[in-house]
Amino acid sequence: MSHLDIDNIPSTPGKYKPDKSFRFNSSTVFSLSKLTIYFPLFLCFLLILLLLSTPSSTPSPRRHLSSGTHRSPISLPHKLIHKSARPRLTTGHTVLVTGAAGFVGTHVSLALKRRGDGVLGLDNFNHYYDPALKRARQKLLEKAGVYIVDADINDKDLLQQLFDAVLFTHVMHLAAQAGVRYAMQNPGSYIHSNIAGFVNLLEVAKSTNPQPAIIWASSSSVYGLNSKVPFSEKDRTDQPASLYAATKKASEEIAHTYNHIYGLSITGLRFFTVYGPWGRPDMAYFFFTRDILKGKTIAIYESPDKGSVARDFTYIDDIVKGCLGALDTAKKSTGSGGKKKGPAQLRIFNLGNTSPVPVSKLVSLLEKNLKVKAKKKVMPLPRNGDVEFTHANISLAARELGYKPTTDLEAGLKKFVRWYLGFYLGSKKSS
Ligand SMILES: O=C(O)[C@H]1O[C@H](OP(=O)(O)OP(=O)(O)OC[C@H]2O[C@@H](n3ccc(=O)[nH]c3=O)[C@H](O)[C@@H]2O)[C@H](O)[C@@H](O)[C@H]1O
């Protein structure tokens, strides 16, 4: 995976790394006499340290990746949080967006804020891909009045404090470990973010009174080896081809449990290969663009029968409309304080474009927009979690959410390339 900075691959957050520089052996055993001399000196040293260390008067709101068991007091910038989360319209919602500095999270947060909802972001700014891009998205959000709390969804104390500080009507849960192929390199990060993090969030949400409605990002990858097309929500999803897909499928089942026991209203959205401006550098359309401009050879996968691999590429603005449609049609949760009071809404929707495009066509569109001929190497689809084909049936989302994608790959890639050139090469102002 040449497009990823392997040295910067995040370890599973909270993972314990033993310090191997110290080993207990006979030479480290103190003699009793040495102990009597050094112990009072050590005590004095400790006392001096204690006197010198004055507590900081401005505790940082920043929280790094932490394990869910961390119990230190957290200082939140309450003024900023309330300002960000307060709806401009009296009819507006109060939404917590997790993964707000991510690709979809940024676009959804902006759209909610623009139309008058209150939005508070949450993101751990991990190093899965260039954090500078996440910081640039954060700047964009700050300009729009959206504050992002720098913290991990696995930090239960922090989540609890956020839910104590703000009465969220909805949670748009978009924080996740994304990427199909990377799951073979860092499986733990998928369990940590997509399973443990999701459960952590649901645990806090279910105990809140009143409970928020949850809308969250599942994935087209749950269809796995399903060969019936187009993929319908009724089709089987028990043959995931990657650990990423398996964690998303598991999350759908976890959502069922929390809906069933606690009355949480939960809507899962199966996104189909979302692309566009401010996108993710680990995705093919993004790193193909980078590599084509650099004159590097790109690998185009083909199926075992030498057929083309295709995706139902979906433009970000269409996905945003689907997310807002899901939020606006979400019914209230029925539980309170951890107790269910009646049946609650549980939904799952495909959000795709309904027109699969071969990867070779994606590349020729990029060549056209970049005005550069790509150096290509066609190779068999490696056994890396990728599936050969995706195609969404979106009739359910159309009916229930008013979802209607309007941007085809040609128009969408044009917008992406314009943004890319502006952002990375300064050729035009990036939007
Ligand atoms: O819908 C989803 O739920 C997922 O969508 C996205 O996964 P994918 O559809 O696999 O997108 P992406 O990696 O851009 O590969 C695109 C195509 O290029 C092919 N591909 C890829 C790499 C390469 O070197 N060559 C190649 O031909 C490759 O075989 C594929 O056919 C999200 O990353 C994922 O997080 C999840 O949200």
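Trainee: Which helix and which strand each supply at least two residues of the shell around the ligand?
Mentor: In this predicted model, those are helix H8, residues 284–294, and strand E8, residues 297–302.

Trainee: And which element gives the most to that shell?
Mentor: That's E8, with three residues.

Trainee: OK, how many residues surround the ligand altogether, and which are the closest?
Mentor: There are 19 around the ligand. The closest are Ser 219, Ser 220, Met 283, Ala 284 and Tyr 301.

Trainee: What's the shell like by class?
Mentor: You'll find 12 nonpolar residues there, along with five polar and two charged ones.

Trainee: Switching to the record: where does UniProt put a domain?
Mentor: The UniProt entry, which is unreviewed, places "domain: NAD-dependent epimerase/dehydratase" at residues 95–331.

Trainee: How much helix and strand is there over residues 95–331?
Mentor: Helix makes up 43% and strand 18%. The C-alpha atoms at the two ends of that range are 14 Å apart.

Trainee: Now helix packing. What do people use to describe two packed helices?
Mentor: The angle between the axes, plus the distance between the axes.

Trainee: Then what are those values for H6 and H7?
Mentor: H6 (residues 187–207) and H7 (residues 243–262) pack at about 15°, and their axes are 10 Å apart. Angles under 35 degrees count as roughly parallel, so H6 and H7 are roughly parallel to each other.

Trainee: Is that crossing left-handed or right-handed?
Mentor: Right-handed, as H6 passes H7.

Trainee: Which residues make the contact?
Mentor: On the H6 side they include Pro 187, Tyr 190, Ile 191, Phe 198 and Lys 206. From H7, you have Leu 243, Tyr 244, Lys 248, Ile 254 and Tyr 262 among them.

Trainee: How does the contact of H6 with H7 split by class?
Mentor: It has 13 nonpolar residues, three polar and two charged.

Trainee: What about H10 and H12, at what angle do they cross?
Mentor: Roughly 45°, with the axes of H10 (residues 359–370) and H12 (residues 409–425) coming within 10 Å. That angle makes H10 oblique to H12.

Trainee: And the handedness, left-handed or right-handed?
Mentor: H10 passes H12 in a right-handed crossing.

Trainee: Which residues meet there?
Mentor: H10 brings Leu 362, Leu 365, Leu 366, Asn 369 and Leu 370. They meet Leu 409, Glu 410, Leu 413, Lys 414 and Val 417 of H12.

Trainee: How do the residues of that contact divide by class?
Mentor: Between H10 and H12, seven are nonpolar, one is polar and two are charged.

Methods: Residues numbered from 1 in each chain as written. Predicted model: local features only at pLDDT ≥ 70, side-chain atom pairs only at ≥ 80, totals over all residues. Near = placed C-beta within 6 Å. Helix = DSSP H or I, 4+ residues; strand = E, 2+ residues; numbered from the N terminus. Nonpolar A, V, L, I, M, F, W, Y, C, P; charged D, E, K, R; others polar. Axes fitted to C-alpha atoms, helices over the stretch in contact; angles between N-to-C directions. Parallel < 35°, antiparallel > 145°, perpendicular 65-115°, else oblique. Left-handed = near helix turned anticlockwise from the far one by under 90°. Contact = placed C-beta atoms within 7 Å. UniProt positions renumbered as here; feature names shortened; annotations may be inferred.
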